[in-house]
Amino acid sequence: MKYAHNLYVNAYGTWSECVKQAWNLYRLALRMREDVVQFLYRKTNGQFRYAFGTLKGLPAGASLNGKKVTKPSYKTMAYYDIKKQAMRCFRVEKLIAVY
């Protein structure tokens, strides 16, 4: 619901559209925790990016001596890009499709 609220506050669309997009993000995250997933999103410069990403085997958050040093962000979604071999992120409202 926090993704949906963030989308709604930032004038993404109607509440119904925001909830649908939030569910798409949730399903994407679930699939990425299990395997590599191909998805499409629009980059901030306007280009489209087909990404192969995963979250499998990655820790939930960075920590230092048991204390989390990163805060969850509901504006972006981070993933490990298989092709680039690096961590990447995209703005949640920019997700277009999951294959």
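Helices (H or I, at least four residues) and strands (E, at least two) are taken here as DSSP runs, numbered from the N terminus. By that rule, Gly 13 has its place in the loop between α1 and α2. The model is predicted, and for this reason local features need pLDDT of at least 70 and side-chain atom pairs count only at pLDDT 80 or more, whereas totals for chains, interfaces and linings use all residues. Residues are numbered from 1 along each chain as its sequence is written, and side-chain values use heavy atoms, with hydrogens and water left out.

**Overall layout**

- The chain contains 2 helices and 7 strands, and read from the N terminus its elements follow the order α-α-β-β-β-β-β-β-β.
- Of the 99 residues of the chain, 26% count as buried, a term that means under 20% relative accessible area, with exposed meaning over 50% and partly exposed lying in between (1.4 Å probe, protein chains only).
- Where a contact means heavy atoms within 4.5 Å, 47% of the contacts in the chain between residues at least 6 apart in sequence join residues at least 24 apart.

**The two helices and the loop between them**

- Helix α1 (residues 2-9) packs with α2 at an angle of about 135°, their axes being 8 Å apart; axes are lines fitted to C-alpha atoms, for helices over the stretch in contact, and angles run from 0 to 180 degrees between N-to-C directions.
- Angles under 35 degrees count as roughly parallel, over 145 as roughly antiparallel, 65 to 115 as roughly perpendicular and the rest as oblique, and α1 and α2 are therefore oblique to each other.
- The crossing of α1 and α2 is right-handed, the word used if the near helix is turned clockwise from the far one by less than a right angle, while an anticlockwise turn is left-handed.
- On the α1 side, Tyr 3, Ala 4, His 5, Leu 7 and Tyr 8 meet residues of α2 that include Trp 15, Cys 18 and Leu 25.
- Gly 13, in the loop between these helices, is partly exposed with a relative accessible area of 27%, and, leaving aside its neighbours within four places in sequence, Gly 13 is in contact with Tyr 8 and Cys 18.
- The C-alpha atoms of Gly 13 and Glu 93 are separated by 9.9 Å, although these residues are 80 residues apart along the chain.

**Nonpolar core and aromatic pairs**

- In soluble globular proteins, nonpolar side chains tend to be buried together.
- The largest nonpolar core here has 16 residues, and those with the most contacts inside it are Leu 28, Met 32, Phe 39, Met 77, Tyr 79 and Phe 90; such a core is a set of buried Ala, Val, Leu, Ile, Met, Phe, Trp, Tyr and Cys residues joined through side-chain atoms within 4.5 Å.
- At least two residues of this core come from each of α2 (15-34), β1 (37-42) and β5, and the largest share, 5 residues, comes from α2.
- The structure holds 10 aromatic pairs, counted where rings of Phe, Tyr and Trp (its six-membered ring) have centres within 6.5 Å, with planes under 30 degrees apart called stacked, over 60 edge-to-face and the rest tilted.
- Tyr 79 and Phe 90 form a tilted pair, 6.0 Å centre to centre with 55° between the planes; Tyr 79 lies in strand β5 (residues 76-81) and Phe 90 in strand β6 (residues 86-91), so the pair ties together parts that are 11 residues apart in sequence.
- Both partners are buried, Tyr 79 at 0% relative accessibility and Phe 90 at 3%, and ring pairs link them with Phe 39 and Tyr 41 into a cluster.

**Strand β2 and the loop between β5 and β6**

- Arg 49 lies in strand β2 (residues 48-54) and counts as buried at 17% relative accessibility; among the residues that Arg 49 touches are Phe 39, Tyr 41, Tyr 79 and Lys 84.
- Thr 54, also placed in strand β2, is buried at 8%, and its C-alpha atom is separated by 7.4 Å from that of Ile 82, 28 residues apart along the chain.
- Lys 84 is found in the loop between β5 and β6 and is partly exposed at 48%, with 9.2 Å between its C-alpha and that of Phe 52, 32 residues apart in sequence.
- Gln 85 lies in the loop between β5 and β6, counts as exposed at 52%, and has a positive phi of about 55° although it is not a glycine.
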